[in-house]
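Got your viewer open? Let's take a walk through this one together, one selection at a time.

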Amino acid sequence: MTERLARWSSEHAWRVVVIWVVAVVLSVGVIAVSLGDVLTTDSEVTNDPESERAYAILEEREPPSEDFVNEIVVVHSDTSTVDDPAFREKVEQVAAAIEATGAAPVVRTFYETRSRDLVSRDRDATIIAVGMGPDAEDTIPEVSDAVEAADGGGFDVTITGEFSADDDLNRLSEDDLREGELQFGLPAALIVLLIVFGAVVASLIPLLLAVVSIIVALALAALIGQAFDLSLFIVNMLTGMGLALGIDYSLFIVSRYREERVGGRQEPAAIVASGAPASRAVLFSGMTFVLAMLGMLLVPDTILRSLALGAILVGAVSVVAALTLLPALLGLLGDRVNALRIPFLGRSAEGGTAREGGFWSAVARGVMRRPVVALVLSVGLLLAAAAPVLDLNIGFAGIRTFPDHLPSKQGFNALQEEFGVGTTDSVQVVVDGDVGSSSVAAAVDRLAQQMRREPALRQPSVDEFPERRLAVVEALVVGDSRDERAIEAVERLRDDVVPRAFAGVDADVLVTGETAEIVDYFAMVEYWLPIVFAFVLGLSFVLLTIAFRSLLVPLKAILLNLLSVGAAYGLIVLVFQKGVGNELFGFQQVDTVEAWLPLFLFSVLFGLSMDYHVFLLSRIRERYNRTRDNDGAVLHAVSTTARLITGAALIIVAVFAGFARGDLVMFQQMGFGVAVALLLDATIVRTVLVPASMKLLSDWNWYLPRWLEWLPDFHVEGASVGEPLVPPRTPSLRTGS
């Protein structure tokens with residue numbers, strides 16, 4: 001199929017190009033009209049956890065309140081107190097400026113309410129309590145601008161809260177995307193391509209296909225978003241993976257085309273010939289990547305599902321573009337693909353994977369001379385790198401990890417310093433029962449007293465609505481609601497305090513709030529992690545077994561990929577949690593690794609590393625089918641593909657290093673994890689573990705039991721046009737040969 005598709009696309013090149021141009025133009029229109037409306041910063045866990053059930057009860061039965069607060073403005077002075085007329089005048093000016101925006105129905109000051117909770121102990125700071133309206137996500141910039149304009153004149157005026165933090169997060173995400181991926185990742189990828197291809201035109205083609213794939217995939221995401229809300233981070237994911245996959249797939253096919261031309265094939269025949277091994281390897285690589293991402297779609301989390309959707313869309317479009325648009329471009333360009341050669345690099349790079357690299361050949365020969373030693377040392381090194389994962393502590397990087405220049409972080413610091421709390425988030429205990437009865441009322445009172453003795457909570461209050469069979473005990477969280485201290489407090493409430501307070505009482509008691517949502521998220525990740533692992537590994541094993549008609553090849557591929565993923569986990573813990581070398585990379589040392597990261601990294605790394613594994617194994621199998629020499633096939637494939645695989649890995653490393661250069665800790669952890677895992681994968685795994693293990697297994701690499709011989713034979717390795725493809729000899733269990 002890939003050969004026929006390559007032939008048709010090259011013979012109808014202009015038609016194919018026009019179709020893709022129309023698709024891009026239409027996609028740009030869809031993105032401009034629809035994409036912004038379907039993206040959200042909200043996250044939702046859809047497995048009906050305790051926190052969500054409590055929210056549902058509150059939404060159904062809690063009376064509307066005109067006293068809601070979701071933003072806090074702190075006014076502080078080093079020279080005066082709230083009792084001074086100048087202080088009062090400043091506060092009233094700030095409040096009036098916020099009211100003038102029309103974005104905040106609730107604006108309360110100490111001078112109106114005389115509430116002691118709105119004044120710090122030393123009386124040099126006060127809170128303006130702000131309740132944002134229904135369009136808060138759109139109008140919060142106006143309120144933030146009003147607060148920023150009021151800052152100065154002997155007063156520090158800062159804001160923090162739910163919507164100001166989200167707004168800062170959005171802006172920071174956009175900055176990381178622009179500066180990291182586009183200003184760093186894209187230029188770095190181009191440099192690597194110039195080195196690998198040695199020609200400007202050949203280097204620009206993969207970038208062109210990556211950009212086309214990203215645009216079309218973004219449009220598809222915008223269309224799907226009409227039915228489902230999508231996380232804002234789908235843009236970062238889709239762009240990063242689009243650059244990585246689009247470039248990689250083009251790299252494999254263009255390199256094979258150039259190899260066929262050096263081998264003497266005419267241009268049309270070279271395009272068709274590259275459609276057999278390289279395009280087929282790309283197709284199966286893309287299928288494996290999509291299967292890995294499907295694992296994340298199983299998880300009941302809207303952010304992870306959005307990330308998975310973005311990766312699947314851009315992966316599928318990248319494969320289609322590589323199988324159709326790329327042959328069309330090669331058909332139009334022909335040998336002009338080698339135009340604008342780079343001095344000293346151009347001629348030597350034109351052969352693609354036709355020539356064995358001297359350095360890589362020497363490494364492979366050394367490994368295969370002492371395969372046991374190489375295998376033991378390499379596995380030992382990767383296991384040592386993975387060891388710190390035993391201390392993995394998952395959590396969420398809250399506002400405390402934001403850069404200090406962000407307004408919401410400045411407001412958080414001021415609120416924590418002056419009032420002992422850092423966010424507007426609270427813990428809510430929802431009591432569903434006969435609140436008017438003496439037993440339930442007494443239990444509610446016991447619960448409130450216990451919460452007043454909890455050092456991680458502040459200002460507990462009780463609201464009872466007997467006619468609605470509802471009571472709510474609410475308390476602010478000291479510090480950041482995502483801190484370990486707050487999480488432990490909620491866990492104590494659920495596991496100890498609430499059960500003791502309501503022992504023998506007929507009432508349904510649920511704990512909710514931002515911190516409770518995090519606790520529920522931890523439980524969800526713990527439940528789904530082994531399921532995703534089993535799903536991805538199982539489907540990948542089946543696909544690779546069919547692709548290479550072997551049981552040991554897919555088993556070995558899975559084990560080797562797990563080693564590189566485990567090493568990535570361990571190095572993330574070492575650098576971010578333990579702080580070993582974090583300053584060298586410019587990373588923050590934090591207490592936790594993002595809770596979603598283990599699931600995400602496993603799926604992404606498994607999918608990406610399989611790109612290289614399928615490409616390398618297809619070259620080994622192709623050579624083995626012709627020579628029946630296992631050692632020679634492994635040596636030739638590793639030596640000829642090492643330059644290409646290393647270049648492909650460096651491109652993805654560059655793209656994800658752009659994430660790691662950002663200010664968001666979660667992006668830093670993600671970018672570092674992907675980059676270090678792929679470096680290990682393209683070096684230790686591909687150049688040491690693969691040749692060593694395949695040397696030791698010899699012909700057993702291609703063992704397939706007779707009871708599985710009914711499996712279809714897709715010949716992923718392809719065959720050069722005009723050359724017969726002879727099936728490999730299958731070892732016998734009885735004779736071992």
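What follows is a tour of a predicted model, with stops at helix pairs, cores and a few single residues.

**Stop 1: two helices side by side**

Select residues 200-224, which is helix α8, and then residues 234-262, which is helix α9. Two packed helices are described by the angle between their axes and the distance between the axes. Here the angle is about 140° and the axes are 8 Å apart. Angles over 145 degrees would count as roughly antiparallel, and α8 and α9 are therefore oblique to each other. The crossing of α8 over α9 is right-handed.

Now show the side chains. On the α8 side of the contact, look for residues including Ile205, Pro206, Leu209 and Ile214. Across from them, α9 brings in residues such as Leu238, Gly242, Leu243 and Ile247. What classes of residue make up this contact of α8 with α9? There are 15 nonpolar and four polar residues, and no charged ones.

**Stop 2: into the core**

Stay in α9 and click on Met241. It's one of the residues with the most contacts inside the largest nonpolar core, along with Leu447, Phe502, Phe600, Leu608 and Ile620. That core has 203 residues. Which helix gives the most to this core? Select 302-333: that is helix α12, and it contributes 19 residues.

Go back to Met241 and show what surrounds it. Leaving aside neighbours within four places in sequence, Met241 is in contact with Gly246, Phe289, Ala311, Val314, Val604, Leu608 and Phe656. In soluble globular proteins, nonpolar side chains tend to be buried together.

There is another core, apart from the one you just visited, and it has 35 residues. Pick out Ile72, Ala125, Val130 and Val143, which are among them.

**Stop 3: a second helix pair**

Next, select 358-369 for helix α14 and 630-660 for helix α23. They pack at an angle of about 140°, with 9 Å between their axes. So α14 and α23 are oblique to each other, and their crossing is right-handed. From α14, the contact uses Trp360, Ser361, Ala364, Arg365 and Met368. From α23, look for Asp631, Val638 and Arg643, among others. This time the contact residues are seven nonpolar, three polar and three charged.

Keep Trp360 and Val638 on screen and add Thr687, which touches both of them. Thr687 sits in helix α24, residues 665-697. Is Thr687 buried or exposed? Buried means under 20% relative accessible area; Thr687 has 7%, so it is buried. Beyond residues up to four places away in sequence, Thr687 also touches Val363, Val367 and Ala682.

**Stop 4: a glutamate in a helix**

Jump to Glu517 in helix α19, residues 514-548. Glu517 is partly exposed, with a relative accessible area of 25%. Not counting residues up to four places away in sequence, it touches Ser51 and Tyr55. Now add Arg482: Glu517 and Arg482 are 35 residues apart in sequence, and their C-alpha atoms are 9.8 Å apart.

**Stop 5: two positive phi values**

Most residues other than glycine have a negative phi, and most peptide bonds are trans. Select Arg123, in the loop between α5 and β4: its phi is positive, near 60°. Arg123 is partly exposed, at 31% relative accessible area. Finish at Ser698, in the segment after α24. Its phi is positive too, near 55°, and Ser698 is partly exposed, at 30%.

Terms used
Residues numbered from 1 in each chain as written. Predicted model: local features only at pLDDT ≥ 70, side-chain atom pairs only at ≥ 80, totals over all residues. Heavy atoms only, no water. Axes fitted to C-alpha atoms, helices over the stretch in contact; angles between N-to-C directions. Helix = DSSP H or I, 4+ residues; strand = E, 2+ residues; numbered from the N terminus. Parallel < 35°, antiparallel > 145°, perpendicular 65-115°, else oblique. Left-handed = near helix turned anticlockwise from the far one by under 90°. Contact = heavy atoms within 4.5 Å. Nonpolar A, V, L, I, M, F, W, Y, C, P; charged D, E, K, R; others polar. Core = buried A, V, L, I, M, F, W, Y, C linked by side-chain atoms within 4.5 Å. Buried < 20%, exposed > 50% of the residue type's maximum accessible area, 1.4 Å probe, protein only.
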